[in-house]
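The following note sets out some points on the model for your consideration. It moves from the surface to the interior and then to the record annotation.

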Amino acid sequence: MKKKQQKKRVLQAIKIAVGSSAAIYVAEVLNLEYAISAGSIALLTLVTTKWETVKLSWFRLVTFLVSSVLAWIVFTQIQSEWLAYGIYIFLIVIVSEEFGWKATISVNAVIGMHFMAKRDFEASFVFNEFLLVLIGITVAVVLNLFYDYAGQRKDLVRNMRYTENRMQMILGAIAAYLADKEMQYDIWAAIRELESQIRIFIDDAYEYQDNTFQSHPEYYINYFEMRMKQCNTIHDLHYEMKRIRKMPQQALIISEYVLYMMDYVTERNEPTAQMDKLKEIFQHIKEDKLPTTREEFESQAMLYHILMDLEDFLIYKKRFVNSLDDKQKQRYWNQGK
């Protein structure tokens, strides 16, 4: 995991360095004033994802017109540099916050410095500033098109298999506990560790979505969010299980069911059969003889809670499956046409 993050940081650093240098080079070839600012604009745009870069580039072009007009109004009326620039920045921040253009403030601040230093609002200098912005965002957009789409997708699939494997191991330990066997490892720690990993996987899935123009990238986000909900359910199930003072006889039936169910904790399983079998267990326990002591009553009540937790576990997967359209099933599950 750390190695992957380091690789990502190095590639991002290379992209920013190349993009900034290329933007400055192009600006110098065109003999633009303040050519170095093109590198700064490229840098500020490259730190975003692919979709954010496209959106931010559009905002930068729109707000360039706004910043140019504000610079002309302020810098032609106020001679004091510190006062004029303060008023200009105040107006830029107000306008940007109002229209949701906060990410453009830094570039507009740089453009404002140029206008304040030159006090030149002739068409040639305005065009010079426009080209600086255009070069910076164009380089950023082009470089952000280079993205390890296939590698990121492989990582997401690998993370899915890891999540399923860890979840199966945790359910196996729970089944062993319900069968009144000795615990092999700390389930609490295992669940917390898995939850922590899934949070990282969700962030990776969002990054993948923001860096691809492919259809249905939200599939991976929905998958990992579904697994996170299931993990929370396992947390509740384990809490209920630990409250049982004496394991009743019916717990063995639930243990066997958990062992059966854990084999179906896979990406492409639709849990209809598992839900039907769970209903049978509900009915079996309901028809069983009533508890005779308070301790038996409390233990059986806990078993009902565990069964309901298992039902919630399956419902989350069922909802995920029901949310898939035909194109997603065809693309990710190889179903359909």
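1. A patch, as the word is used here, consists of residues with over 30% relative accessible area and no salt bridge, nonpolar side chains being joined within 5 Å. In this predicted model, Val 10, Leu 11, Ile 14 and Val 18 make a nonpolar surface patch of about 340 Å².

2. Leu 11, one of the residues of that patch, is located in helix H1, which covers residues 2–29. Its relative accessibility is 47%, so Leu 11 counts as partly exposed, a class that lies between 20% and 50%.

3. Turning to the interior, the largest nonpolar core holds 56 residues, and Phe 224, Ile 254, Ile 306 and Leu 310 touch the most other members. At least two residues of this core come from each of the helices H7 (149–178), H8 (187–210), H9 (218–242), H10 (250–262), H11 (272–287) and H12 (294–323). H9 gives the largest share, 11 residues.

4. Which residues are in contact with Phe 224, neighbours within four places in sequence being left aside? They are Leu 156, Asn 159, Met 160, Thr 163, Ile 198, Phe 201, Ile 202 and Ala 205.

5. There is also a second, separate core of 33 residues, with Ile 16, Phe 64, Ala 84 and Tyr 85 among them.

6. The unreviewed UniProt entry lists residues 32–51, 58–76, 82–104 and 125–147 under "transmembrane region". In the model, residues 58–76 are 95% helix and 0% strand, with end C-alpha atoms 28 Å apart. For residues 82–104 the figures are 78% helix and 0% strand, and the end C-alpha atoms lie 21 Å apart.

How values were computed: Residues numbered from 1 in each chain as written. Predicted model: local features only at pLDDT ≥ 70, side-chain atom pairs only at ≥ 80, totals over all residues. Heavy atoms only, no water. Core = buried A, V, L, I, M, F, W, Y, C linked by side-chain atoms within 4.5 Å. Buried < 20%, exposed > 50% of the residue type's maximum accessible area, 1.4 Å probe, protein only. Helix = DSSP H or I, 4+ residues; strand = E, 2+ residues; numbered from the N terminus. Contact = heavy atoms within 4.5 Å. UniProt positions renumbered as here; feature names shortened; annotations may be inferred. Patch = residues over 30% accessible without salt bridge, like charges linked within 9 Å, V, L, I, M, F, W, Y side chains within 5 Å. Areas by Shrake-Rupley, 256 points an atom, 1.4 Å probe, with all protein chains shown as cover. Salt bridge = Lys/Arg side-chain N within 4 Å of Asp/Glu carboxyl O.
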